[in-house]
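Work through the two exercises below on enclosed space in a protein model. Each has a task sentence and a stepwise solution.

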Amino acid sequence: MVRVHPVRGHGALLGPTGGAPMENAVGLVMTGGGARGAYQAGVLKRIGELKRVRIQGNPFPIIGGASAGAINGSALATGCHDFASATQILAEFWATLKPSDIFRCNVLSQVNNSITWILDLSFGAILGGGHARSLLDATPLRHFLNEHLECDRIQENIQRGHLYALAISTTNYNSGRSYLFIQGMKGHPMWKRIRLVTVATKITVDHVCASCAIPFVFQPVKLTIPPRGSAFFGDGCVRLQQPLSPVIRLGAERVFAIGVRCGKKERREETTDERNPSLAQVMGVVFDVMFLDHLDTDIEHLERLNQLLYHNQINQPGIEGAEKMRPLGTFIITPSVHLSDVAEQHQKDMPSLIHYFVSSLGRDATSCSDLMSYLLFTSKYTRELIEIGYHDASERIDEIEDFLYSSKDGDAENPLASGTGGKVPRASLAAKRTRSSVRSRR
């Protein structure tokens with residue numbers, strides 16, 4: 001990302017076997033969250049400061065991203081020839097972000113958009129509707145990413161062995177299917193499921209913009225997929241019910257995930273408020289489900305399977321051609337604080353017109369905080385999220401380094417580290433990771 005120049009001889013991450021990633025490859029998973037993606041940048045910045053990372057280079061040969069995670073994943077893929085510098089630049093990218101870099105904030109744009117919505121809702125049945133595309137115009141995002149992402153470097157890094165594959169998830173609004181765009185080393189796995197289509201292609205800024213086009217908020221992005229033709233795509237988290245699956249399918253033996261939901265117990269207790277929820281509250285809950293729940297659920301599912309496999313409680317008959325399940329090491333790091341609470345403190349940093357518009361959807365700042373936590377692309381907010389991510393990673397840096405490198409040193413007794421932000425005692429970590437030659441469950 002942003003003019004990262006080739007570094008002094010980092011070792012290649014991949015072996016000489018063509019399409020096969022190195023043994024014990026770690027896959028990086030980053031899902032969505034709009035402005036919450038700044039937290040991921042903070043975590044990665046701290047990882048980039050590890051001495052072994054600076055010496056050995058990119059620790060994540062397989063990268064999977066959706067929504068804001070697609071931006072961060074693509075940035076790493078373009079700069080992974082100097083991973084440490086790429087993480088520093090990524091953090092600076094988020095720290096200097098302005099709302100006008102992401103969507104149009106001027107009065108004329110908002111007035112035109114509001115008139116379009118009013119006409120569609122009031123006279124659409126008579127005049128013909130369907131003209132309103134989104135609440136905000138995200139056209140500036142594409143120009144901004146074009147200035148900062150050098151996507152041509154992805155293939156260079158693949159050819160030089162610094163990267164095995166980058167996978168970006170999107171949702172096809174025309175077919176309702178989830179699309180996974182993959183750029184990787186020749187011979188990388190391809191698969192198809194009932195509601196999932198994988199496409200081997202050169203990743204561009206358009207793919208990234210499509211993956212982070214938040215439903216209703218940002219307009220869909222038109223992509224051309226030979227030989228299928230053109231279609232409109234939106235946020236990759238909409239139908240991504242198994243966010244760990246892409247990197248596992250691509251050959252990751254271990255999975256490192258960066259979540260954007262606080263790992264502590266729920267902030268709000270059940271209330272007896274009999275008032276109807278505001279539209280901002282409803283949208284906040286919908287975004288929580290779309291951006292946050294799937295990763296948590298997939299991690300829990302994988303941990304349970306690991307425990308069953310470790311104790312030989314799953315019978316796997318040897319059917320020729322069938323995939324067999326194998327234990328997979330996972331590590332998840334999540335915020336130690338509720339990012340909605342942080343957003344509530346920074347709401348007034350939003351451009352006045354946008355703040356007025358979003359506030360009109362809720363009764364007060366608290367009711368808008370969840371929604372704002374995704375849309376608050378202001379430097380004060382993103383800088384605080386970067387600091388939180390950096391701090392959380394620092395608190396667990398020994399665990400992180402152990403997870404990324406210990407198996408390479410022959411340590412077969414590493415725990416499956418899965419936790420919720422902050423320091424997690426070894427005794428509370430889940431199942432033990434074991435080596436296995438059988439194939440992935442996904």
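**Exercise 1.** Determine which helices and strands line the second largest cavity, and how the lining is composed.

Solution.
Step 1. At least two lining residues come from each of β1 (26–30), β2 (62–66), β3 (165–172) and α10 (245–249). Helices (H or I, at least four residues) and strands (E, at least two) are DSSP runs numbered from the N terminus.
Step 2. β2 gives the largest share of this lining, three residues.
Step 3. The volume of the second largest cavity is about 60 Å³. A cavity is a set of points on a 1 Å grid over the protein atoms alone where a 1.4 Å probe fits but cannot get out, and lining residues have an atom within 4 Å of a point. Volume is the space filled by probe spheres set on the points, which are joined across faces, edges and corners.
Step 4. The lining has 13 residues, with Gly64, Gly65, Ser169, Pro243 and Pro246 closest to the centre.
Step 5. By class, nine are nonpolar, four polar and none charged.

The model is predicted; local features need pLDDT of at least 70, side-chain atom pairs count only at pLDDT 80 or more, and totals for chains, interfaces and linings use all residues. Residues are numbered from 1 along each chain as its sequence is written, and side-chain values use heavy atoms, without hydrogens and water.

**Exercise 2.** Describe the largest cavity in the structure.

Solution.
Step 1. The structure has six cavities of 30 Å³ or more, and the largest holds about 110 Å³ of space.
Step 2. Among its 13 lining residues, Gly34, Ile71, Trp94, Cys212 and Phe377 lie nearest the centre.
Step 3. α3 (68–79) and α4 (83–95) each contribute at least two lining residues.

Notes. On a 1 Å grid over the protein atoms alone, a cavity is a set of points where a 1.4 Å probe fits but cannot get out, and a pocket is an open set with protein on both sides within 12 Å along at least five of seven lines; lining residues have an atom within 4 Å of a point. Ala, Val, Leu, Ile, Met, Phe, Trp, Tyr, Cys and Pro count as nonpolar, Asp, Glu, Lys and Arg as charged, and the others, Gly among them, as polar.
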